[in-house]
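User: I am new to this structure and would like a close look at its sheet: how the strands are arranged, what lies against them, and what surrounds them. Please take me through it in one connected account.

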Amino acid sequence: MSYDPVRPAGRLLLTPEDKEAPARARRLHGLGLGERPEPALDAFADRLAEVTGAPYAMVNFLDEYGQFFAGLHVPAVRPVLVDADGTKPELGRRLARDHGFCPHVVVRRKALVLEDVSDYPRFAGNPVVDEFGIRSYLGAPLVDRGGMVLGTVCVADVEPRPWGKSGLETIKSAAAELVARVERMEADGLPL
(Lines give C-alpha, C1' and ligand atoms only; values in the text may rest on other atoms or scores of the structure.)
Protein backbone atom coordinates (compact mmCIF):
# COMPACT_ATOMS: atom_id res chain seq x y z
CA MET A 1 0.00 0.00 0.00
CA SER A 2 1.12 3.51 -0.62
CA TYR A 3 -0.18 6.56 1.13
CA ASP A 4 -0.34 10.22 0.27
CA PRO A 5 1.35 11.99 3.14
CA VAL A 6 -1.02 14.82 4.09
CA ARG A 7 -4.25 16.31 2.84
CA PRO A 8 -4.44 20.08 2.59
CA ALA A 9 -6.64 20.05 5.70
CA GLY A 10 -3.78 18.41 7.58
CA ARG A 11 -5.24 14.89 7.78
CA LEU A 12 -3.42 11.75 6.82
CA LEU A 13 -4.81 10.29 3.64
CA LEU A 14 -4.91 6.54 3.88
CA THR A 15 -6.26 5.52 0.49
CA PRO A 16 -4.75 2.21 -0.59
CA GLU A 17 -2.92 1.90 -3.89
CA ASP A 18 -5.05 0.11 -6.47
CA LYS A 19 -2.80 -1.59 -9.03
CA GLU A 20 -5.74 -3.28 -10.77
CA ALA A 21 -7.52 -0.01 -11.57
CA PRO A 22 -6.39 0.29 -15.23
CA ALA A 23 -7.39 -3.32 -16.02
CA ARG A 24 -10.67 -2.85 -14.14
CA ALA A 25 -11.45 0.32 -16.11
CA ARG A 26 -10.92 -1.57 -19.40
CA ARG A 27 -13.11 -4.47 -18.22
CA LEU A 28 -15.89 -2.14 -17.05
CA HIS A 29 -15.74 -0.22 -20.33
CA GLY A 30 -16.10 -3.52 -22.21
CA LEU A 31 -19.14 -4.35 -20.10
CA GLY A 32 -20.61 -0.89 -20.64
CA LEU A 33 -20.61 -0.25 -16.90
CA GLY A 34 -19.32 2.54 -14.73
CA GLU A 35 -19.83 5.41 -17.14
CA ARG A 36 -23.50 6.28 -16.71
CA PRO A 37 -26.33 5.68 -14.23
CA GLU A 38 -28.10 2.37 -14.75
CA PRO A 39 -31.81 2.24 -13.84
CA ALA A 40 -31.51 -1.47 -12.99
CA LEU A 41 -28.64 -0.69 -10.62
CA ASP A 42 -30.56 2.20 -9.06
CA ALA A 43 -33.38 -0.29 -8.42
CA PHE A 44 -30.84 -2.74 -6.98
CA ALA A 45 -29.54 0.00 -4.63
CA ASP A 46 -33.12 0.92 -3.65
CA ARG A 47 -33.82 -2.71 -2.73
CA LEU A 48 -30.55 -3.01 -0.81
CA ALA A 49 -31.39 0.13 1.19
CA GLU A 50 -34.83 -1.30 1.97
CA VAL A 51 -33.48 -4.70 3.04
CA THR A 52 -30.80 -3.21 5.31
CA GLY A 53 -32.76 -0.17 6.49
CA ALA A 54 -29.83 2.04 5.47
CA PRO A 55 -30.41 5.57 4.13
CA TYR A 56 -27.63 5.22 1.52
CA ALA A 57 -26.95 2.30 -0.82
CA MET A 58 -24.63 2.19 -3.80
CA VAL A 59 -23.34 0.06 -6.63
CA ASN A 60 -19.90 1.54 -7.07
CA PHE A 61 -17.41 1.08 -9.91
CA LEU A 62 -13.85 2.39 -9.45
CA ASP A 63 -11.15 3.28 -11.92
CA GLU A 64 -7.75 5.00 -11.66
CA TYR A 65 -9.27 8.41 -11.08
CA GLY A 66 -12.33 7.99 -8.93
CA GLN A 67 -15.55 6.25 -8.10
CA PHE A 68 -18.84 6.17 -9.99
CA PHE A 69 -22.14 5.16 -8.44
CA ALA A 70 -23.94 3.44 -11.33
CA GLY A 71 -26.58 2.48 -8.78
CA LEU A 72 -27.48 4.99 -6.08
CA HIS A 73 -30.08 5.30 -3.35
CA VAL A 74 -30.06 8.42 -1.17
CA PRO A 75 -32.60 9.41 1.48
CA ALA A 76 -35.41 11.72 0.42
CA VAL A 77 -34.55 14.00 3.33
CA ARG A 78 -30.82 14.34 3.86
CA PRO A 79 -29.02 15.65 6.91
CA VAL A 80 -28.05 19.30 6.52
CA LEU A 81 -24.30 19.66 6.77
CA VAL A 82 -22.51 22.88 5.96
CA ASP A 83 -18.83 23.11 5.01
CA ALA A 84 -16.60 25.81 6.48
CA ASP A 85 -17.15 27.89 3.34
CA GLY A 86 -20.94 27.75 3.82
CA THR A 87 -21.65 25.25 1.02
CA LYS A 88 -23.82 22.19 1.47
CA PRO A 89 -22.17 19.07 0.01
CA GLU A 90 -24.42 16.72 -1.96
CA LEU A 91 -23.63 13.08 -2.61
CA GLY A 92 -23.70 12.68 -6.37
CA ARG A 93 -22.72 9.95 -8.79
CA ARG A 94 -18.98 10.67 -8.69
CA LEU A 95 -16.64 10.64 -5.75
CA ALA A 96 -12.88 11.07 -5.49
CA ARG A 97 -10.79 7.96 -4.82
CA ASP A 98 -9.77 9.29 -1.41
CA HIS A 99 -13.39 9.60 -0.27
CA GLY A 100 -15.28 6.73 1.30
CA PHE A 101 -14.43 3.18 2.13
CA CYS A 102 -15.06 1.34 -1.15
CA PRO A 103 -11.43 1.75 -2.33
CA HIS A 104 -10.41 -0.27 0.74
CA VAL A 105 -12.94 -3.00 -0.06
CA VAL A 106 -11.66 -3.22 -3.64
CA VAL A 107 -8.00 -3.49 -2.66
CA ARG A 108 -8.67 -5.83 0.30
CA ARG A 109 -10.91 -7.97 -1.93
CA LYS A 110 -13.20 -8.71 1.00
CA ALA A 111 -16.14 -7.21 2.83
CA LEU A 112 -15.70 -4.35 5.26
CA VAL A 113 -17.92 -3.73 8.27
CA LEU A 114 -17.61 -0.41 10.10
CA GLU A 115 -20.30 -0.18 12.74
CA ASP A 116 -18.97 3.17 13.95
CA VAL A 117 -16.23 4.71 11.83
CA SER A 118 -15.10 6.82 14.79
CA ASP A 119 -13.84 3.60 16.41
CA TYR A 120 -11.25 3.23 13.64
CA PRO A 121 -8.63 6.01 13.40
CA ARG A 122 -7.76 4.91 9.88
CA PHE A 123 -11.34 5.52 8.71
CA ALA A 124 -12.58 8.22 11.10
CA GLY A 125 -10.68 10.95 9.24
CA ASN A 126 -12.12 10.03 5.85
CA PRO A 127 -13.67 13.03 4.06
CA VAL A 128 -17.13 11.39 3.87
CA VAL A 129 -17.34 11.48 7.65
CA ASP A 130 -17.18 15.27 7.82
CA GLU A 131 -18.63 16.13 4.41
CA PHE A 132 -21.64 13.80 4.40
CA GLY A 133 -21.93 12.75 8.05
CA ILE A 134 -21.31 9.06 7.36
CA ARG A 135 -20.87 7.13 10.61
CA SER A 136 -21.26 3.50 9.57
CA TYR A 137 -20.52 1.47 6.44
CA LEU A 138 -21.05 -2.04 5.14
CA GLY A 139 -19.59 -3.05 1.77
CA ALA A 140 -18.60 -6.11 -0.26
CA PRO A 141 -16.54 -6.48 -3.43
CA LEU A 142 -18.00 -7.48 -6.78
CA VAL A 143 -15.56 -10.23 -7.77
CA ASP A 144 -16.18 -11.76 -11.18
CA ARG A 145 -15.54 -15.34 -12.21
CA GLY A 146 -12.04 -14.42 -13.44
CA GLY A 147 -11.10 -12.95 -10.05
CA MET A 148 -11.30 -9.27 -11.06
CA VAL A 149 -12.89 -6.91 -8.53
CA LEU A 150 -15.30 -4.81 -10.61
CA GLY A 151 -16.42 -2.57 -7.76
CA THR A 152 -18.56 -2.78 -4.64
CA VAL A 153 -22.07 -2.87 -3.30
CA CYS A 154 -22.40 -0.96 -0.06
CA VAL A 155 -24.70 0.76 2.37
CA ALA A 156 -23.96 3.61 4.76
CA ASP A 157 -25.70 5.43 7.57
CA VAL A 158 -25.29 8.74 9.38
CA GLU A 159 -25.67 6.91 12.71
CA PRO A 160 -23.55 4.09 14.14
CA ARG A 161 -25.16 0.73 13.32
CA PRO A 162 -24.66 -2.77 14.63
CA TRP A 163 -24.63 -4.46 11.20
CA GLY A 164 -23.75 -7.80 12.79
CA LYS A 165 -23.39 -11.15 11.10
CA SER A 166 -26.74 -10.83 9.31
CA GLY A 167 -25.67 -7.52 7.76
CA LEU A 168 -22.42 -9.06 6.56
CA GLU A 169 -24.29 -12.03 5.08
CA THR A 170 -26.77 -9.68 3.40
CA ILE A 171 -24.11 -7.51 1.73
CA LYS A 172 -22.07 -10.52 0.59
CA SER A 173 -25.20 -12.15 -0.82
CA ALA A 174 -26.12 -8.93 -2.64
CA ALA A 175 -22.63 -8.76 -4.15
CA ALA A 176 -22.83 -12.38 -5.34
CA GLU A 177 -26.29 -11.77 -6.82
CA LEU A 178 -25.12 -8.70 -8.72
CA VAL A 179 -21.99 -10.41 -10.06
CA ALA A 180 -24.18 -13.27 -11.35
CA ARG A 181 -26.42 -10.72 -13.10
CA VAL A 182 -23.42 -8.99 -14.70
CA GLU A 183 -22.02 -12.32 -15.88
CA ARG A 184 -25.41 -13.34 -17.35
CA MET A 185 -25.58 -9.98 -19.09
CA GLU A 186 -22.14 -10.53 -20.56
CA ALA A 187 -22.69 -14.17 -21.59
CA ASP A 188 -26.25 -13.97 -22.88
CA GLY A 189 -26.64 -10.34 -23.77
CA LEU A 190 -29.41 -10.05 -21.19
CA PRO A 191 -30.11 -6.69 -19.56
CA LEU A 192 -29.13 -6.14 -15.94
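Analyst: What follows starts with the whole chain, moves to the sheet and its helices, and ends with the loops and rings around them.

The model is a predicted one, and its secondary structure amounts to 6 helices and 6 strands. Along the sequence these elements come in the pattern α-α-β-β-β-α-β-α-α-β-β-α. The protein has 192 residues, of which 48% count as buried, and it exposes about 9,500 Å², with carbon and sulfur atoms supplying 54% of that area. Among contacts with a separation of 6 or more, 64% are between residues 24 or more positions apart.

The sheet itself is open and has 6 strands, which pair antiparallel in the order S3-S2-S1-S6-S5-S4. Its edges are strand S3 (94–96) and strand S4 (112–114); each has a single partner strand, so one side of each is left without a neighbour in the sheet. From one strand to the next, the twist averages 25°.

Beginning at the S4 edge, one meets strand S5 (residues 136–143), which is joined to S4 by 3 bridges and runs antiparallel to it. Here valine 113 stands opposite leucine 138 of S5. S5 pairs in turn with S6 in the antiparallel sense, over 8 bridges, and within this pairing alanine 140 has valine 153 of S6 as its bridge partner. S5 and S6 form a hairpin with 5 residues between the strands, where glycine 147 takes a positive phi near 90°. S6 also pairs with S1, again in the antiparallel sense, over 6 bridges, and asparagine 60 finds its bridge partner in threonine 152 of S6. S6 is a mostly covered strand, since 9 of its 9 residues are buried.

Two helices can now be placed against this sheet. Helix H2 (residues 39–52) lies across strand S1 (56–62), strand S2 (66–73) and strand S6 (149–157), and runs at about 70° to S2. Helix H6 (residues 164–188) lies across S1, S4, S5 and S6, and its direction is at about 35° to that of S5.

Next come the nonpolar residues. In soluble globular proteins, nonpolar side chains tend to be buried together. The largest nonpolar core in this model has 31 residues, and those with the most contacts inside it are Leu33, Leu41, Val59, Phe61, Leu142, Leu150 and Val153. Helix H1 (21–31), H2, S1, S2, S5, S6 and H6 are the elements that give two or more residues to this core, and the largest share, 7 residues, comes from H6. A second, separate core has 22 residues, including Phe69, Val106, Val117 and Ala156. To return to the largest core, what does leucine 150 touch, not counting residues up to four places away in sequence? Its contacts are Arg24, Arg27, Leu28, Leu31, Asn60, Phe61, Leu62, Leu142, Asp144 and Val182.

At the other edge of the sheet, the loop between S3 and helix H3 (102–108) contains arginine 97. With a relative accessible area of 14%, arginine 97 falls under the 20% limit and therefore counts as buried. Apart from neighbours within four places in sequence, arginine 97 is in contact with Thr15, Pro16, Asp18, Asp63, Glu64, Tyr65, Gly66, Gln67 and Pro103. Glutamate 17, in the segment before H1, is 80 residues from arginine 97 in sequence, while their C-alpha atoms are 10.0 Å apart in space. Unlike the buried arginine 97, glutamate 17 counts as partly exposed, at 39% relative accessibility.

The aromatic rings complete this account. The structure holds 3 aromatic pairs, one of which joins tyrosine 120 and phenylalanine 123: the ring centres are 6.4 Å apart and the planes stand at 65°, so the pair is edge-to-face. Tyrosine 120 is partly exposed, with a relative accessible area of 36%, whereas phenylalanine 123 is buried, with a value of 9%. Together with Phe101 and Tyr137, Tyr120 and Phe123 form one aromatic cluster.

Key
Residues numbered from 1 in each chain as written. Heavy atoms only, no water. Pairing = 2+ DSSP bridges. Helix = DSSP H or I, 4+ residues; strand = E, 2+ residues; numbered from the N terminus. Axes fitted to C-alpha atoms, helices over the stretch in contact; angles between N-to-C directions. Contact = heavy atoms within 4.5 Å. Buried < 20%, exposed > 50% of the residue type's maximum accessible area, 1.4 Å probe, protein only. Phe/Tyr/Trp six-rings, centres within 6.5 Å; stacked < 30°, edge-to-face > 60°. Areas by Shrake-Rupley, 256 points an atom, 1.4 Å probe, with all protein chains shown as cover. Core = buried A, V, L, I, M, F, W, Y, C linked by side-chain atoms within 4.5 Å.
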